[in-house]
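Subject: Structure handover

Hello,

Here is the structure for you to look over. My notes follow below it.

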Amino acid sequence: MANWKTYDKGDELPEEYKKLLLNLMSFQADSEYAGAQRVAENMRFAPRPEEAYRLSKKVMEEMGHGYYVWNLMSDLGVDVNARLRELVTNPNNPDPQKVTVINGFRKENWSKLFECWEDVALFSTVVTPAAVAFLGQYRECSYLPWARVNVRIHKEEYGHLAFGVWASKRCIEFGGEETREFMQKRIEKFMKVGLGFYGRPSKPGDKQSAMFDKYYEYGIKVKKPEELQEEYLELLESRLKEVGLDMPQGVEADYDMRVGYEAADLDIQVSKAAV
Ligand SMILES: [Fe+2]
C-alpha cells in the first residue's frame, strides 16, 4: 500500500492514470445517484412512518455520495451537470454513452428484485455489505481527494447496513416466525448480487486480469476480488446472525449486475480548460 505514488488536488496526473481514475469515479458517482433513484422507488413498500423516514434518509445520503464524487470529477474538468441531467431526465433508461450506471442499478434489473418491504430490508442487509467492502477499498487509494471522500461514504454505507439490520429485525418483530421463514428464502437472490458486486476473481492472462493489474499498479484498486469476497462474507454472516437468519450455502455470484467496472476504454470527456 505504501508503494503507490499518491496524488492530491491540483497535482498533475499522468494521462493513463487520469483515464482509469475517471473511469472508476464515474461508475461510482453515476451509480450512487442511480442507486438513490432506485431506493426512492422502493418507498411504495414502506409499511410504517418510521420505515419511510429512515428510507428517505438513505435516499438523501446516496444522492450525497454521487454529489461528493461528481465534485471531484468536476475539479478534473468533467461536465458533471450533463451527467446529472441525463439521470434526472431519463431515470428509467439513462443513455450508457452519457452515464455509467452498473447494471444492477438500472431500473429493468433492479425492479425485478423487489416485491415487498421484506425485500427492501434484505437488500440493505445482504447486498450493502458488498458495497461496504468494495467502496471501502477506495479509502486507501492513491488519489487522495477520492480516498478522503470515501471515508465519509464508507461511514454512511455502514449506516445503511445498520438500517438493513434494523428493518429486517422489525419485519420479524411484526410478522413473527412466518415472516422470518419468508425472508430466509429470499436471501439467496440478493446474495447472488452481493457476491457479484466486486467482480470475478481474475485468472492470470485474461483481459480482465490485465485491466485489474493496471488499476492495482496505480493504487486505484487496492484489493483483489478474493479479498473483498472474504470481507463481504464475514460481514454478511455476522449481520444475518444478528437478525436471526442463516447464511445460505453454495450460492453462485451474478456478475452481470455489475457490468461496467471492468470496461477498459471508456473515454470520459474532459473540458479543454482543465486539460
Ligand atoms: Fe452510497
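Is Gly199 buried or exposed? Gly199 counts as buried, because its relative accessibility is 3%. Buried means under 20% relative accessible area, exposed means over 50%, and partly exposed lies in between (1.4 Å probe, protein chains only). Gly199 sits in the loop between helix 7 and helix 8. Its C-alpha atom is 9.3 Å from that of Lys224, 25 residues away along the chain.

Some ground rules. This is a predicted model, in which local features need pLDDT of at least 70 and side-chain atom pairs count only at pLDDT 80 or more, while totals for chains, interfaces and linings use all residues. Residues are numbered from 1 along each chain as its sequence is written, and side-chain values use heavy atoms, with hydrogens and water left out. Helices (H or I, at least four residues) are DSSP runs, numbered from the N terminus.

The metal site

The iron ion has protein donors Glu32 (OE), Glu62 (OE), His65 (ND1) and Glu157 (OE), at 1.9 to 2.2 Å. Donors are N, O and S atoms within 2.8 Å of the metal (3.2 Å for Na, K and Ca); water is not among the atoms, so sites may look incomplete. Along the chain the donor spacing is E-x29-E-x2-H-x91-E. Why is the arrangement irregular? The four donor atoms subtend angles of 90 to 140° around the iron ion, which makes it so. Four donors count as tetrahedral if all angles lie between 85 and 135 degrees; four count as square planar and six as octahedral if opposite donors are over 155 degrees apart and all others between 65 and 115; anything else is irregular. Glu62 and His65 share helix 2 (residues 49-75), three residues apart, about one turn of the helix. Both are buried.

Helix 7 and helix 1

Helix 7 (residues 144-196) has 53 residues, yet its end C-alpha atoms are only 27 Å apart. A straight helix would reach 78 Å at 1.5 Å a residue. The expected span is 1.5 Å times one less than the number of residues. Helix 7 bends by about 135° at Gly176. The bend is the angle between axes fitted to the seven residues ending at a residue and the seven starting there.

Phe190 is in helix 7. It is buried, with a relative accessible area of 0%. Leaving aside neighbours within four places in sequence, its contacts include Leu113, Phe114 and Val126. Contact means heavy atoms within 4.5 Å.

Helix 1 behaves otherwise: its 27 residues should span 39 Å, and its end C-alpha atoms are 39 Å apart, which agrees. In helix 1, 22 of the 27 residues are buried, so it is largely enclosed by the rest of the structure. Arg38 lies in helix 1 and counts as buried at 1% relative accessibility. Glu41 is also in helix 1, but counts as partly exposed at 22%.

The core

The largest nonpolar core has 78 residues. Such a core is a set of buried Ala, Val, Leu, Ile, Met, Phe, Trp, Tyr and Cys residues joined through side-chain atoms within 4.5 Å. Leu21, Met25, Met73, Val126, Tyr143 and Trp146 have the most contacts inside it. Helix 7 gives the largest share, 16 residues. Not counting neighbours within four places in sequence, Tyr143 touches residues including Leu21, Met25 and Leu76.

Best wishes

Technical notes: Helices (H or I, at least four residues) and strands (E, at least two) are DSSP runs, numbered from the N terminus.
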